[in-house]
Amino acid sequence: MSPAFTLHPQLAGDSIAIGDLAVSHLRLLNDASFPWLLLIPKHPDISEIIELDEADRTVLMQEIAAVSQALKALTGCDKLNVAALGNMVPQLHIHVIARFKGDPAWPKPVWGQVPARPYAEAVAADLISQLRRLLSIS
């Protein structure tokens, strides 16, 4: 992360670091109910994708695709939900969520459907390790 980049406290408290991509910092949301990743562009004080320059927007879209492919490969999910809302946390962050027809919120959006269920440490570590391998993150 660049020295000027700081992670919003809500994002830091709700998620576990996976590592850095070219434009984004990647995190696992600490909710075992849904395999849920966050990409946070490493730019200070932005809240919208359109605030990135064209080159970084292009790389961000490539990162979203790569993260989506990795999550789908690991989970075999029925659907991927990708969103940049920012209504609660103003720092730009993109959600990539693996959805299953039998998950606790299906077919509704995940937000507010069930209380967060933190990962067991070993389960989170294994998922993070697999994601790092698939995304070539050291």
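Let's start with charge: this protein carries 11 positive and 14 negative side chains, and the centres of these two sets lie 10 Å apart. Keep in mind as you look around that the model is a predicted one. The exposed surface comes to about 7,400 Å², and carbon and sulfur atoms supply 55% of that area.

With the surface in view, we can turn to the fold. Three helices and five strands make up the secondary structure of the protein. If you trace the chain from the N terminus, the elements follow one another in the order α-β-β-β-α-β-β-α. The radius of gyration is 14 Å, close to the 14 Å that the globule rule gives for 138 residues, so the protein is as compact as a globular protein of that length. Along the principal axes, its C-alpha atoms fill a box of roughly 40 × 30 × 25 Å.

How is the chain packed inside that box? Of the contacts with a separation of 6 or more, 55% are between residues 24 or more positions apart. Buried residues, meaning those under 20% relative accessible area, make up 41% of the 138 residues.

A good place to look at burial in detail is strand β2, which spans residues 24–29. How many of its six residues are buried? Six of the six are, so β2 is largely enclosed by the rest of the structure. It helps to recall that in a regular strand the side chains alternate between the two faces of the sheet. In β2, both faces are covered: Ser 24, Leu 26 and Leu 28 are buried on one side, while His 25, Arg 27 and Leu 29 are buried on the other.

Which strands pair with β2? One partner is strand β1, residues 15–20, which pairs with β2 in the antiparallel sense over five bridges. These two strands form a hairpin, with three residues between them. Another partner is strand β3, residues 36–41, which runs antiparallel to β2 and is joined to it by five bridges. Here, too, a hairpin makes the link, and β2 connects to β3 through six residues.

To see how the three strands line up, take Leu 26 in β2 as your reference point. Gly 19 stands opposite Leu 26, and Leu 26 also stands opposite Leu 39 in β3. Leu 26 is itself one of the buried residues of β2, on the side that includes Ser 24 and Leu 28.

Methods
Residues are numbered from 1 along each chain as its sequence is written. This is a predicted model: local features need pLDDT of at least 70, side-chain atom pairs count only at pLDDT 80 or more; totals for chains, interfaces and linings use all residues. Side-chain values use heavy atoms; hydrogens and water are left out. Helices (H or I, at least four residues) and strands (E, at least two) are DSSP runs, numbered from the N terminus. The radius of gyration is taken over C-alpha atoms; the globule rule is 2.2 Å times the number of residues to the power 0.38. Buried means under 20% relative accessible area, exposed over 50%, partly exposed in between (1.4 Å probe, protein chains only). Contact means heavy atoms within 4.5 Å. Accessible areas come from the Shrake-Rupley method with a 1.4 Å probe; for residues, only the protein chains shown count as cover. Lys and Arg count as positive and Asp and Glu as negative; His and the chain ends are not counted. The place of a charge is taken as NZ of Lys, CZ of Arg, CG of Asp or CD of Glu. Two strands pair if DSSP finds at least two bridges between them.
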